[in-house]
Amino acid sequence: MKRPGDAANRVLVIANLHKSNAGSTAREVERYFTLRGWKPTVFSFEGNPQSGVEYEGYDLIVSLGGDGTLLYVARKAAALGIPVLPINLGTLGFIAANKTDSWTEAFQDWEEGRLEPSARIMLDIQVEREGESLGRYVALNDGVVSSQGIAKMIRLCLNVNGDCFGFYRADGLIVSTPTGSTAYNLAAGGPALYPEMPAVVINPICPFTLASRPLVLPASVKVDVVIDETRRSGAMLTVDGQEILTLQQGDVAMFRRAERDALLVVPPENMFFQALRTKLGWSGDGHA
């Protein structure tokens, strides 16, 4: 990537038109970058953004939407080492931390070298059936192995670094990054991790045994989830809540730390704690 501030730098603006003000915000962002000597390209989409845009050759990507838009963009950008500046147009925007009225501050701090991108680990997820590959995915938030049926348990074997840790009879298992720890993992009773920690969370969903609790492990571990028994429900892998693969008994979902981190141009680290307080209501007891 060329150095920030180079007049030849190119920026790709991805706008999710499902958000009511995405179109007008994209035009404002385009004008802003043009005035600063950058070369902006705007790609707008409604529904599925799977095709129609190439990411190679850009020095920065701006994500206009909510956390879901950012998850899609980050999976594409990370493999190319391109930083992403997310601007929140959604309701929560926990990961997409920049606001429409203040995103230029984060951008200018990054462009002028005062702000380093936040490096977020990602998961490389491969699925095998009888030794043959079924698919390979990258996740910024999480990979979830679960039953397909509503409120139907499956039996899963969890292997850590080649050793069998144990079996879970549950609705499923969440394997989450620190970035994704405040999403499905948190809703399922797991811990919130500092987003730049090199760690993963393994969290059972509605386990049959109450002694089953979330595990926080180093990001270097090799986690394999084996579909041991599905009964009548079937099973599936869900990646970042956006990609789905149907599984069957004997399939193995292998989770590893991806070679490249996602690089997010977001406000300084204390914004994480502010987001916990203001967006999740973790204000503590003011009278303690």
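**Cysteines, cores and a one-sided helix**

With a relative accessibility of 55%, Cys206 counts as exposed. This value, like the others here, is computed from a predicted model. Another cysteine, Cys164, is partly exposed, at 46% relative accessible area. How many disulfides does the structure hold? The count is 0. For Cys164, the nearest cysteine sulfur belongs to Cys157 and lies 3.6 Å away; Cys164 is in no disulfide, because a disulfide requires sulfur atoms within 2.5 Å.

The interior comes next. The largest nonpolar core has 30 residues, and Val145, Leu237 and Phe255 are those with the most contacts inside it. Strand 9, which spans residues 154-160, supplies the largest share of this core, 4 residues. A second core, separate from this one, has 26 residues, including Leu71, Ala74, Leu140 and Leu264. Returning to Phe255, its contacts beyond four places in sequence include Val145 and Leu237. Among the other residues that Phe255 touches are Leu123, Asp124, Ile125, Gly143, Val175 and Lys222.

Helix 3 (residues 103-111) makes a friendly example of how a helix can face two ways. Which residues of helix 3 are buried? They are Trp103, Ala106, Phe107, Trp110 and Glu111. These buried residues lie on the same side of helix 3, because they cover an arc of only 130° around the axis. An α-helix has 3.6 residues a turn, so residues three or four places apart point the same way. The buried residues of helix 3 pack against helix 1 (22-35) as well as strand 3 (60-65) and strand 4 (84-88). Just after helix 3 comes Gly113, with a positive phi of about 85°.

Technical notes:
Residues are numbered from 1 along each chain as its sequence is written. This is a predicted model: local features need pLDDT of at least 70, side-chain atom pairs count only at pLDDT 80 or more; totals for chains, interfaces and linings use all residues. Side-chain values use heavy atoms; hydrogens and water are left out. A nonpolar core is a set of buried Ala, Val, Leu, Ile, Met, Phe, Trp, Tyr and Cys residues joined through side-chain atoms within 4.5 Å. Buried means under 20% relative accessible area, exposed over 50%, partly exposed in between (1.4 Å probe, protein chains only). Contact means heavy atoms within 4.5 Å. The arc is that of the directions from the helix axis to the C-beta atoms.
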